[in-house]
Amino acid sequence: MNKINLQNISRPLVMGILNVTPDSFSDGGRFANFDMALQQTELMLQQGADIIDIGGESTRPGAPEVPVEQELDRVIPVIEAIKSRFGCAVSLDTSKAQVMQAGITAGVDLINDVCGLEGEGVLKVIADSDVPVCIMHMQGSPRTMQKNPQYSNLVNDIMAYFSERIDHCDTLGIDKSRIIIDPGFGFGKTLKHNYQLLAELEKFKQLECPVLVGLSRKSMIGNLLELDIDKRLAGSIAAATLALNNGADIVRVHDVEETKHAVRIFNAMKYGVENE
Ligand code: 7PJ
């Protein structure tokens with residue numbers, strides 16, 4: 001399995017989601033168990049995942065906060081086991097400095113922060129390391145974000161947020177070449193906002209950072225189609241495909257096998273049929 005090289009993402013990457021929370025909204029704790037987490041990782045790698053994204057804190061709207069010790073207990077043993085058993089690229093979905101530090105020590109290849117590196121002590125941990133980071137945009141906090149999200153200009157506001165974060169990182173010695181940006185679908189956005197972001201995703205490429213998107217099984221799919229979580233696969237693949245066509249470099253998904261099919265269809269259209 002290849003390590004991620006942000007400078008050279010020539011084809012879209014698939015990031016497989018591994019929740020090690022008992023309360024994640026879409027796979028409800030099925031992988032809380034250590035062995036199940038390793039099995040799910042192995043399956044996603046067989047299906048062609050390029051990166052495994054491990055999260056120990058649910059960020060669904062209204063989710064309770066997880067104490068740092070509990071988050072560490074959930075994610076660190078799983079990271080260590082995955083790194084030693086599979087040696088694949090591992091991303092850590094966390095917003096806490098202490099968890100990031102422990103993850104970096106355990107060898108993670110990417111920090112994925114839905115709070116855009118705004119947490120206490122986070123920037124220092126990142127500046128003292130050389131791991132790449134994904135900076136996601138969120139308006140508000142998971143508890144409040146869906147109350148009444150408002151923007152003066154949706155894309156410009158989010159672009160301005162990224163510019164500010166990138167500049168701030170730069171002053172601390174975190175080079176832009178280490179940064180991935182993510183508009184944060186569903187994080188402080190209405191249904192309309194989410195689809196506008198999908199339509200205008202290409203604009204984020206102006207910032208010259210790889211663009212990551214997470215659309216998989218989200219309520220922007222479920223609310224539009226009026227479908228429960230377990231019926232959102234086709235909608236998720238459609239959304240991922242549109243995101244790829246609008247410039248997404250990395251897609252964060254639950255359904256790796258089906259998303260890889262979409263990536264291969266996209267690649268054949270965009271770059272021609274390869275290896276034949
Ligand atoms: C995202 C994420 C996302 C990034 C979650 C869910 C909710 N990280 N973590 N982007 N979403 N970078 O999986 O639906 O959209 S948790």
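These legends go with a handful of close-up views of a predicted model.

**View 1. Strand 3, tucked away inside the structure.** Let's start with residues 89-93, which make up strand 3. Of the 5 residues here, 5 are buried, so the rest of the structure largely encloses this strand. Here's a handy bit of background: side chains in a regular strand take turns, pointing to one face of the sheet and then the other. On one side of strand 3 you'll find Ala89, Ser91 and Asp93, and on the other sit Val90 and Leu92. Every one of them is buried, so both faces of the strand are covered.

**View 2. Strand 3 and its partner, strand 2.** Zoom in on strand 2, residues 51-55, which pairs with strand 3 in the parallel sense. The two are joined over 5 bridges. Look for aspartate 53, and you'll see serine 91 of strand 3 standing opposite. How does the chain get from strand 2 to strand 3? It goes by way of helix 2, residues 68-86, in a β-α-β crossover that is right-handed.

**View 3. Strand 3 and its partner, strand 4.** Strand 4 covers residues 110-113 and runs parallel to strand 3, with 3 bridges joining the two. Check out leucine 92, whose bridge partner in strand 4 is isoleucine 111. To get from strand 3 to strand 4, the chain passes through helix 3, residues 97-105. This β-α-β crossover is right-handed.

**View 4. A cavity and the residues around it.** Rolling a probe the size of a water molecule over the atoms is a neat way to show where empty space is left. How many cavities of 30 Å³ or more turn up in a search of the whole structure? The search finds 1, and the space in the largest cavity comes to about 70 Å³. There are 13 residues in its lining, and the closest to the centre are Ser216, Ser236, Ala240, Val253 and Thr259. Strand 7 (212-214), helix 8 (233-245) and strand 8 (250-253) each give two or more residues to the lining. Helix 8 provides the largest share, with 4 residues. Sorted by class, the lining has 7 nonpolar, 4 polar and 2 charged residues.

**View 5. Cysteines without a disulfide.** Go hunting for disulfides through the whole structure and you'll come up with 0. Why is cysteine 115 not bonded to the closest cysteine? Its sulfur is 12 Å from the one in cysteine 134, which is too far for a bond. Cysteine 209 is in no disulfide either, and the nearest cysteine sulfur, in cysteine 169, is 9.6 Å away. As for their surroundings, cysteine 115 is partly exposed, with a relative accessible area of 27%, whereas cysteine 209 is buried, at 4% relative accessibility.

**View 6. Two loop residues with a positive phi.** Leucine 117 isn't a glycine, yet its phi is positive, at about 60°. You can spot leucine 117 in the loop between strand 4 and helix 4 (122-127). Now hop over to the loop between helix 7 (219-225) and helix 8, where glutamate 226 is found. Glutamate 226 isn't a glycine either, and has a positive phi near 55°. Which of these is buried or exposed? Leucine 117 is buried, with a relative accessible area of 1%, while glutamate 226 is exposed, at 70%.

Definitions and conventions:
Residues are numbered from 1 along each chain as its sequence is written. This is a predicted model: local features need pLDDT of at least 70, side-chain atom pairs count only at pLDDT 80 or more; totals for chains, interfaces and linings use all residues. Side-chain values use heavy atoms; hydrogens and water are left out. On a 1 Å grid over the protein atoms alone, a cavity is a set of points where a 1.4 Å probe fits but cannot get out, and a pocket is an open set with protein on both sides within 12 Å along at least five of seven lines; lining residues have an atom within 4 Å of a point. Grid points are joined across faces, edges and corners, and a volume is the space filled by probe spheres set on the points. Ala, Val, Leu, Ile, Met, Phe, Trp, Tyr, Cys and Pro count as nonpolar, Asp, Glu, Lys and Arg as charged, and the others, Gly among them, as polar. Buried means under 20% relative accessible area, exposed over 50%, partly exposed in between (1.4 Å probe, protein chains only). Two strands pair if DSSP finds at least two bridges between them. A crossover is right-handed if, with the strands pointing away from the viewer, the path from the first strand over the helix to the second runs clockwise. A disulfide is a pair of cysteine sulfur atoms within 2.5 Å.
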